[in-house]
Amino acid sequence: MIGLSRPRETRTFERLAREGLQPKCAICVVNLVTGDVEHRLEIEGVVEELYDVAVLQGVVRPMALGFKTEEIRFAIKVEGTG
């Protein structure tokens with residue numbers, strides 16, 4: 001997996017600018033044999049930069065949780081809290 005981030009502040013990515021492309025914030029799954037992007041998840045809104053990407057082995061249905069709803073209370077368990 002590869003994490004893509006938009007540039008900080010007003011800096012530009014020169015090659016993207018030459019190609020007429022806009023930088024994106026995304027996660028790409030790359031086939032290591034062919035080099036092809038097999039899957040791509042673009043992240044829009046206030047998120048501009050990814051700091052880390054990790055593989056969760058054995059996870060069949062991963063999901064992103066927000067902090068503004070109650071669902072996070074039932075999905076994340078802190079050890080020793082029951």
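Student: What makes glycine 35 stand out in the hairpin of S2 and S3?

Tutor: In this predicted model, glycine 35 takes a positive phi near 80 degrees. The hairpin that holds glycine 35 has six residues between its strands.

Student: How do you know that S2 and S3 pair?

Tutor: Pairing asks for at least two bridges between the strands. S2 (residues 26–30) and S3 (residues 37–42) share five bridges, so they pass, and they run in the antiparallel sense. One of the contacts sets valine 29 against its bridge partner in S3, histidine 39.

Student: And what makes S1 a partner of S2?

Tutor: The rule is again at least two bridges. Three bridges join S1 to S2, so these antiparallel strands count as paired. Here isoleucine 2 stands opposite cysteine 28 of S2.

Student: Why is cysteine 28 called buried?

Tutor: Buried means under 20% relative accessible area. Cysteine 28 has 5%, so the label fits. Cysteine 25, at 1%, counts as buried too.

Student: How many disulfides does the model have?

Tutor: Zero. A disulfide would need a pair of cysteine sulfur atoms within 2.5 Å, and by this rule the count comes to zero.

Student: Why is the contact of lysine 24 with glutamate 42 called a salt bridge?

Tutor: The limit for the nitrogen and the carboxyl oxygen is 4 Å. The closest N and O atoms of lysine 24 and glutamate 42 are 3.7 Å apart, so the pair qualifies. Lysine 24 lies in the loop between helix H1 (14–19) and S2, while glutamate 42 is in strand S3, so the pair ties together parts that are 18 residues apart in sequence.

Student: What makes Lys24, Arg40 and Glu42 one network?

Tutor: Arginine 40 also forms a salt bridge with glutamate 42, with the closest N and O atoms 3.1 Å apart. The salt bridges share partners, and this joins Lys24, Arg40 and Glu42. A search of the whole structure finds two salt bridges.

Student: Why are these three residues called partly exposed?

Tutor: Partly exposed lies between the 20% and 50% limits. Lysine 24 is at 36%, glutamate 42 at 35% and arginine 40 at 44%, so each falls in that range.

Student: How do you know that methionine 1 is partly exposed?

Tutor: Exposed would take over 50%, and methionine 1 has 49%, so it counts as partly exposed. Methionine 1 is found in the segment before strand S1 (2–4). Together with Val29 and Val55, Met1 makes a nonpolar surface patch of about 270 Å².

Notes: Residues are numbered from 1 along each chain as its sequence is written. This is a predicted model: local features need pLDDT of at least 70, side-chain atom pairs count only at pLDDT 80 or more; totals for chains, interfaces and linings use all residues. Side-chain values use heavy atoms; hydrogens and water are left out. Patches are made of residues with over 30% relative accessible area and no salt bridge: like charges are joined within 9 Å, nonpolar side chains (Val, Leu, Ile, Met, Phe, Trp, Tyr) within 5 Å. Accessible areas come from the Shrake-Rupley method with a 1.4 Å probe; for residues, only the protein chains shown count as cover. A salt bridge is a side-chain nitrogen of Lys or Arg within 4 Å of a carboxyl oxygen of Asp or Glu. Helices (H or I, at least four residues) and strands (E, at least two) are DSSP runs, numbered from the N terminus. Buried means under 20% relative accessible area, exposed over 50%, partly exposed in between (1.4 Å probe, protein chains only).
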